[in-house]
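Hi,

Here is the structure I promised to pass on. Have a look at it first, then read my notes below.

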Amino acid sequence: MAGNGLPSLGRVKLSDLLASEGIPSDSYKLSVSTLSQSIAQYSAAIIQFSSSDASLLRSCLESARLYFYQKPSFPTADMNIIHTSDSREWCKTSGYYADSQLWQEIYDFRPGLTPIEPSNGIEFPPAGLPDIFPLLGKASRVILDAVGFYLNLRSSPFNDILDNVPLRNREISSSVLSVCCHARPSFQHHNHLTPTTEDAQLVMFSDHDHQIDKSLISLVKPDKPGLHIRDINGRWIILDNDLGPRDAIIYTGLALYQATAGYINPAMHRTDIGNLQDNIYGRCSLAFKLMPKSMTSLSCSEMTAAGHGVEAQFQIPVTVDDFMQRSHPTDQLFTRGSFPSFSFPTAQEGHWIDEILVQDH
């Protein structure tokens, strides 16, 4: 089926991925097939939100542009804003920080840690984050459950490693909503880093400079194109060049790769900032990362119970905290060499899940 795969990134309505009691509907089966095949080929897919949810996302993006635009050229030296990339702090990031090497500024919203209202002179954060967080969190869980259905796992197979809904008293969210800005002109100018198109591509498009999220699922809504991902054939393709106002990008992370014994590959992605020289706002995006809880373990027991083969390297559970602090060289990731094939049976053909063929070579 690899030769008859999707010609481009799969696009699925979020509403069609909502599971219900009883036999799955044809629209659900088709949507899961499209989502899963897109993830298998591209490690990513396009998710379409409702009009009302899209309006909320658009408003938050507009607020994000203004938030970064009003920031000083570069925060003063006495401000604690430089991200140290300390892996031990993976579930504790909150508020504003910057990475001058990537021309990137970030505001992390983490429920249970990030104040919703400013106090003691603290600046106002981008608007709408307390509303966007549950919206994207629920969407990510729906997508994760659809992946579980595709793999023939039990219902909600990953719930044991996810945060409580809602969070309990004094709990801090493991998942995080990041408001990001790439290549804001005043930020670049202060650092003498204003890139030409060629310079930006040299920095951002190095063969060794791609990123892999350690999330289960990442869901991104950008305001401008620029996100590239490597497909199953090793080609870099742009994901967000043709996004509609209701569309967002989802891609898979290392935690899902580990929890599914390598059946779901993590997305390798990078961002092009070479076409932003004349843009006063830079490139802004909302990025929600669905993360496992730090005090749990990533285990492939669900995969084993469903009858999937699990290689030796995945058979020993690994604690989430250790997994997040560990480096994961891309050349050491296990790859299966092919992706699953799908059929699209009619309602008369019986149980659809029996028609999915997972082929390992």
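What follows is a short run through the sheet, two helices and the cysteines.

One thing to keep in mind: this is a predicted model.

**The sheet**

Start with the open sheet, which has eight strands in the order E1-E2-E9-E6-E11-E5-E4-E3, with mixed pairing. Strand E1 (11-13) and strand E3 (95-99) sit at the edges, each pairing on one side only. Going from one strand to the next, the twist averages 25°.

Strand E11 (residues 283-290) is a good one to click on. Which strands flank E11 in the order of the sheet? They are E6 and E5. With strand E5 (residues 176-182), E11 runs antiparallel, and seven bridges join the two. One of the pairs to look for is His-182 with its bridge partner in E11, Arg-283. Strand E6 (residues 217-222) also pairs with E11 in the antiparallel sense, over six bridges. Here Leu-219 has Phe-288 of E11 as its bridge partner, and Pro-222 stands opposite Ser-285 in E11. E11 is mostly covered, too, with seven of its eight residues buried.

**The helices**

Helix H3 (residues 129-150) lies across E2, strand E4 (104-109), E5, E6, E9 and E11, and runs at about 55° to E11. Of the 22 residues in H3, 16 are buried, so the helix counts as mostly covered. Does its length look long or short for a helix of that many residues? Neither: at 1.5 Å a residue H3 should span 32 Å, and its end C-alpha atoms are 31 Å apart, which agrees. Just after H3, Asn-152 takes a positive phi of about 65°.

Helix H1 (residues 26-42) lies across E1, strand E2 (44-48) and strand E9 (247-252). Its direction is at about 145° to E2.

**The cysteines**

You may want to know about disulfides: a search of the whole structure finds zero. Why is Cys-284 not bonded to Cys-181? The closest cysteine sulfur to that of Cys-284 is the one in Cys-181, but they are 3.9 Å apart, and that is too far for a bond because a disulfide needs the two sulfurs within 2.5 Å.

Is Cys-284 buried or exposed? Cys-284 is buried, at 0% relative accessibility. Cys-91 is buried as well, with a relative accessible area of 17%, which puts it under the 20% cut-off.

Cheers

Conventions
Residues are numbered from 1 along each chain as its sequence is written. This is a predicted model: local features need pLDDT of at least 70, side-chain atom pairs count only at pLDDT 80 or more; totals for chains, interfaces and linings use all residues. Side-chain values use heavy atoms; hydrogens and water are left out. Buried means under 20% relative accessible area, exposed over 50%, partly exposed in between (1.4 Å probe, protein chains only). Helices (H or I, at least four residues) and strands (E, at least two) are DSSP runs, numbered from the N terminus. Two strands pair if DSSP finds at least two bridges between them. The expected span of a helix is 1.5 Å times one less than its number of residues. Axes are lines fitted to C-alpha atoms, for helices over the stretch in contact, and angles run from 0 to 180 degrees between N-to-C directions. Contact means heavy atoms within 4.5 Å.
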